[in-house]
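Colleague: I am still learning how to read a model like this one, and I would be grateful for a close look at a single part. Could you take the aromatic pairing as your starting point and then follow the helices from there?

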Amino acid sequence: MERVRKREVQIGKVRIGGDNPIAVQTMLNVPVADIAGNVAQARRVAEAGCQILRASVPTLEDVRIVDAVKNAVDIPFVADIHFDYRIALACVDAGADKIRINPGNIGADDRVKAVANACNAKNIPIRIGVNAGSLEKEILARYGAPTPQALVESALYHVRLLEKHDFNNIVISIKSSNVPTMMEAYRLLSEACDYPLHVGVTEAGTYRMGLIKSGMGIGGLLLQGIGDTLRVSLTDEPEKEVQAGYDILRAAGYPVAGPEIISCPTCGRTNIPVAKIAQEVEERLRGYHKPVKVAVMGCVVNGPGEAREADIGIAGGKDEALLFIRGEKIRMLRGDIVGQLVDEVYKL
Ligand code: SF4
């Protein structure tokens with residue numbers, strides 16, 4: 001699959017667009033006044049591999065979160081601002097690496113100019129974030145509903161407000177909680193401009209449905225080569241959003257460091273507790289950072305064949321398991337099967 005190539009944008013130390021890897025991001029969800037809580041959560045998402053980190057900055061007083069989080073973790077910080085251009089200017093001063101603001105929502109053109117100039121002076125990109133739930137009234141009236149075309153028109157309207165001030169350091173998101181709408185909107189937007197796209201399904205829901213919607217929406221776009229950075233929105237902990245982001249990338253065939261566990265659905269032939277073993281293997285390989293596919297299969301009859309694409313794996317026999325590496329049968333494992341499999345992964 002070929003990626004749709006967009007212009008390159010730099011967010012702190014991370015570059016997106018061009019040939020750069022797709023960056024996984026999330027957003028802190030601790031109340032902004034709780035600085036210690038935000039810092040602790042930022043550390044947890046950093047541990048999970050988050051590459052770009054966003055937090056809401058609702059008031060001027062809250063601008064202090066920029067410094068606090070940036071001192072705690074080495075991840076580019078995105079300040080999420082609604083309506084008040086003074087907060088955007090203060091966040092730029094405080095060292096934010098990217099500003100998320102919609103220029104059409106901050107009032108007179110001189111305010112847009114002030115933000116554009118401040119960001120230009122420091123090479124800080126602005127993300128325009130269009131959501132189906134907050135479309136401009138006039139656009140919504142014209143289209144009658146938040147259609148993909150209405151979302152694209154809104155995004156391009158905000159883009160033009162920045163371009164007017166020679167500002168092109170732009171990233172765009174165009175989210176909806178409706179997967180077909182969101183996918184079509186991103187596809188149309190991708191055709192309409194070469195700014196890198198932040199892809200996501202908004203208000204995707206709680207963990208289970210959020211994963212399904214994001215897997216379809218984000219994954220479906222990735223399979224079309226669309227998307228330069230992604231956020232999985234879940235009503236859950238941001239660490240889980242980060243993990244899900246990498247899993248979607250992996251499932252869409254993008255190279256992602258770390259293990260991918262392949263396990264069979266089990267059936268009447270199953271000889272070993274596949275679910276328990278697969279979960280244990282996943283847990284014990286959490287610190288393993290090279291790309292590797294590890295299979296846990298329930299039987300030796302079909303297991304090795306069904307897991308042909310795995311780098312290494314086991315297939316269950318009676319109180320034992322067959323170890324195979326790149327399709328070749330190596331030996332039978334007995335006793336601590338998980339421990340021996342994990343050791344073999346580290347030896348690869
Ligand atoms: S690998 Fe064996 S146990 Fe697992 S689903 Fe296939 S046939 Fe059943």
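Modeller: When the whole structure, which is a predicted model, is searched for aromatic pairs, one is found. Its partners are Tyr288 and Tyr346, which meet edge-to-face, with 5.0 Å from centre to centre and 90 degrees between the planes. The two residues belong to distant parts of the chain, 58 residues apart, since Tyr288 sits in the loop between helix 10 and strand 12 (292-297), while Tyr346 belongs to helix 12.

That brings us to the helices themselves. Helix 10 covers residues 274-284 and helix 12 covers residues 337-347, and their axes come within 10 Å of each other, crossing at roughly 40 degrees. Because angles under 35 degrees count as roughly parallel and those of 65 to 115 as roughly perpendicular, this crossing makes helix 10 oblique to helix 12. The crossing of helix 10 past helix 12 is right-handed. On the side of helix 10 the contact is made by Ile277, Glu280, Val281 and Arg284, and on the side of helix 12 by Val338, Gly339, Leu341, Val342 and Tyr346. Sorted by class, the contact between helix 10 and helix 12 holds six nonpolar residues, one polar residue and two charged residues. Tyr346 therefore has a place both in this contact and in the aromatic pair with Tyr288, with the angle of the two helices being oblique.

Two other helix contacts can be read in a similar way. The axes of helix 7 (residues 179-192) and helix 8 (residues 207-223) come within 10 Å and cross at roughly 20 degrees, so that helix 7 and helix 8 are roughly parallel to each other. Their crossing is right-handed, and the contact involves Val179, Met182, Met183, Tyr186 and Arg187 from helix 7, together with Lys213, Met216, Gly217, Ile218, Gly220 and Leu221 from helix 8. Here the residues divide into seven nonpolar, two polar and two charged.

For helix 3 (residues 85-94) and helix 4 (residues 109-122), the axes come within 10 Å and cross at roughly 10 degrees, which means that helix 3 is roughly parallel to helix 4. Helix 3 contributes Tyr85, Ala88, Leu89, Val92 and Asp93 to the contact, and helix 4 contributes Arg111, Ala114, Val115, Ala118, Cys119 and Lys122. This contact of helix 3 with helix 4 has eight nonpolar residues, no polar ones and three charged ones.

Finally, there is the ligand, whose surroundings include Cys264, Thr266, Arg269, Asn302 and Glu306. By class, the shell around the ligand has four nonpolar, five polar and two charged residues.

Definitions and conventions. Residues numbered from 1 in each chain as written. Predicted model: local features only at pLDDT ≥ 70, side-chain atom pairs only at ≥ 80, totals over all residues. Heavy atoms only, no water. Near = heavy atom within 4 Å. Nonpolar A, V, L, I, M, F, W, Y, C, P; charged D, E, K, R; others polar. Axes fitted to C-alpha atoms, helices over the stretch in contact; angles between N-to-C directions. Helix = DSSP H or I, 4+ residues; strand = E, 2+ residues; numbered from the N terminus. Parallel < 35°, antiparallel > 145°, perpendicular 65-115°, else oblique. Left-handed = near helix turned anticlockwise from the far one by under 90°. Contact = heavy atoms within 4.5 Å. Phe/Tyr/Trp six-rings, centres within 6.5 Å; stacked < 30°, edge-to-face > 60°.
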